[in-house]
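This report concerns the secondary structure and aromatic contacts of one protein model. Please examine the sequence and structure shown below before reading on.

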Amino acid sequence: MENSKTLSQLTSETLAGKEFRDYKTAIKGNLLLPGDKDYEKSRKVWNGMIDRRPVMITKCHNKRDIQKALEFARNHELSVSVKGGGHHVAGTAVLDQGMMIDLSDMKDIRIDLESRSVIVQPGVTWAELDKETEKHHFAVPGGVVSSTGVAGLTLGGGMGWLRRKYGLSCDNLLSAEVISARGEILQVNEHSHSDLFWAIRGGGGGYGIVSSFHFKLCPLPPEVMVCMVFYPATETKKILEFYRELAPTLVEEASTFLIYGTLPDEPFIPKESHGEDYLLIAGMYAGDKKQGERVFQPLRKISKPIADLSGPIKYTVWQTNFDADYPKEKLNYYWKSLFLNELSDQSIEKFIELGKNRPSKLTTVDIWQLGGAIDKVRPSESAYPHRNSGYLLGIESNWEKHLSNDKNIAWTRLAVKNFLSLSEGHSYLNFEDEGPENLKAALGRHHLKLQEIKRQYDPDHILF
């Protein structure tokens with residue numbers, strides 16, 4: 001497809017014409033142009049560094065709106081981006097010189113207790129879904145920040161607190177309704193358009209617009225046991241050496257990860273430790289909370305903690321625990337990642353070095369424990385290729401707007417480059433930008449197959 005038309009071309013050719021007026025009246029949702037009241041609000045996404053201006057924004061209320069938006073985009077050679085929760089670090093929900101299809105108003109949730117499943121529209125966030133499923137003592141495996149959109153997280157994989165017990169978000173997808181770039185409404189599952197169903201489970205967006213997700217519901221107690229222990233960063237080597245011995249023995253109900261960061265000035269942290277570096281062991285037990293307490297006990301006694309906030313908590317409350325660290329629009333974000341097979345001595349040394357040299361105190365370096373249910377899905381079963389990896393290294397660069405973007409981005413890229421020799425070079429799609437090389441690293445062995453599926457369902461490459 002040729003480059004999208006500019007706003008001036010689109011204005012002179014269509015905005016005063018009958019076709020544009022017909023389009024505007026045909027959709028139930030709203031059509032926003034630069035200068036309109038809600039245009040600025042709609043084009044903003046979670047990452048404060050993203051500042052792109054679509055030619056127009058179509059706020060859809062139903063699947064017919066989506067079809068009409070795609071038809072208009074095709075007729076006028078406009079590239080299309082899709083916004084659900086707008087939480088992806090790369091800001092793929094919005095593009096310059098194209099149309100944004102904003103699905104954030106599509107928030108229907110339908111629970112079927114008989115089949116233990118739920119149908120979710122693409123504007124729903126995990127907080128909204130968790131609130132409904134909790135009423136029935138169920139959950140869908142989501143992420144670790146509740147304001148994240150269900151759609152984007154699922155399309156890229158979906159790692160959260162239930163990952164080792166129930167797998168990734170995409171592993172729990174039973175079927176979906178997808179609107180192709182040509183406007184066809186497709187019911188996709190293992191037996192119908194199975195190639196497309198394969199692609200949307202971890203292959204990212206751009207193969208079609210998912211207008212509803214059908215998930216399996218997973219049983220979960222009203223309260224869960226969590227581990228949240230802050231240790232002094234000076235103890236990191238000792239703690240990681242202990243952790244790498246214990247982690248492989250943890251039952252699947254336990255999902256843990258470690259975070260190296262700087263302590264905030266918060267009441268739950270002793271004043272004398274404010275501003276000091278820490279290593280946090282965080283985890284959740286998806287089962288009996290008394291059993292969870294026993295499982296996490298060794299992680300709470302490795303050294304003398306700065307603070308130990310472990311204990312039983314409602315799952316929905318725990319899901320919001322890290323929300324304040326990732327405020328919408330207020331910070332700039334740039335993340336990278338690498339899958340690691342083990343926590344070698346060299347990996348531990350490099351991890352500590354990264355933690356000490358972070359350019360922003362809001363940046364964290366993380367190690368996610370994998371395995372369990374994630375590995376029970378064969379790599380060929382879905383587009384998500386990274387089964388049988390022991391850990392994920394996450395480099396989450398977060399900084400205030402007055403600080404240098406170039407400095408923080410350069411540090412992040414160098415950080416992951418320095419770790420490449422300890423990894424096979426694969427990364428997690430939800431933590432990456434959309435450059436060609438990054439996509440290849442994230443999609444791994446499935447990259448070529450996904451390109452073929454893209455050509456089949458979006459031959460003109462309309463969808464961004």
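## A helix across the sheet

Across which strands does helix H4 lie, and at about what angle does H4 run to E4? In this predicted model, helix H4, formed by residues 63–75, lies across three strands: E2 (56–59), E3 and E4. Relative to E4, the helix runs at about 175 degrees.

## The four-stranded sheet

The sheet is open and consists of 4 strands, arranged in the order E1-E2-E4-E3 with mixed pairing. Its edges are formed by strand E1 (30–32) and strand E3 (80–83), each of which pairs on one side only. On average, neighbouring strands are turned by 20 degrees against each other, with direction ignored.

Strands of a sheet pair through backbone hydrogen bonds, in either a parallel or an antiparallel manner. The edge strand E3 runs parallel to strand E4 (residues 99–102), and 4 bridges join the two. Within this pairing, Ser81 stands opposite Met100 in E4.

## Aromatic pairs

How many aromatic pairs does the structure hold? The count is 23. One of them involves Phe20 and Phe72: the ring centres are 6.2 Å apart and the planes stand at 65 degrees, over the 60 degrees required, so this pair is edge-to-face. Because Phe20 belongs to helix H2 (residues 18–26) and Phe72 to helix H4, the pair ties together parts that are 52 residues apart in sequence. Phe20 has a relative accessible area of 6% and is therefore buried. Phe72 is likewise buried, with a relative accessible area of 2%.

The rings of Phe213 and Phe215 show another arrangement: with centres 5.9 Å apart and planes at 5 degrees, the pair is stacked. Both Phe213 and Phe215 are buried.

## An aromatic cluster

Which residues do ring pairs link into a cluster? The tryptophans in this cluster are Trp46, Trp161, Trp318, Trp335 and Trp368. Ring pairs link them with the phenylalanines Phe257, Phe322 and Phe431, and with the tyrosines Tyr326, Tyr333 and Tyr428.

## Charges over rings

Aromatic rings also take part in contacts with charged side chains. Arg201 lies over the face of Phe197, at 4.0 Å from the centre of the ring. The charged end of Lys449 sits over the ring of Trp198, 3.9 Å from its centre.

Note on methods:
Residues numbered from 1 in each chain as written. Predicted model: local features only at pLDDT ≥ 70, side-chain atom pairs only at ≥ 80, totals over all residues. Heavy atoms only, no water. Pairing = 2+ DSSP bridges. Axes fitted to C-alpha atoms, helices over the stretch in contact; angles between N-to-C directions. Contact = heavy atoms within 4.5 Å. Phe/Tyr/Trp six-rings, centres within 6.5 Å; stacked < 30°, edge-to-face > 60°. Buried < 20%, exposed > 50% of the residue type's maximum accessible area, 1.4 Å probe, protein only. Lys NZ or Arg CZ within 6 Å of the ring centre and 35° of its normal.
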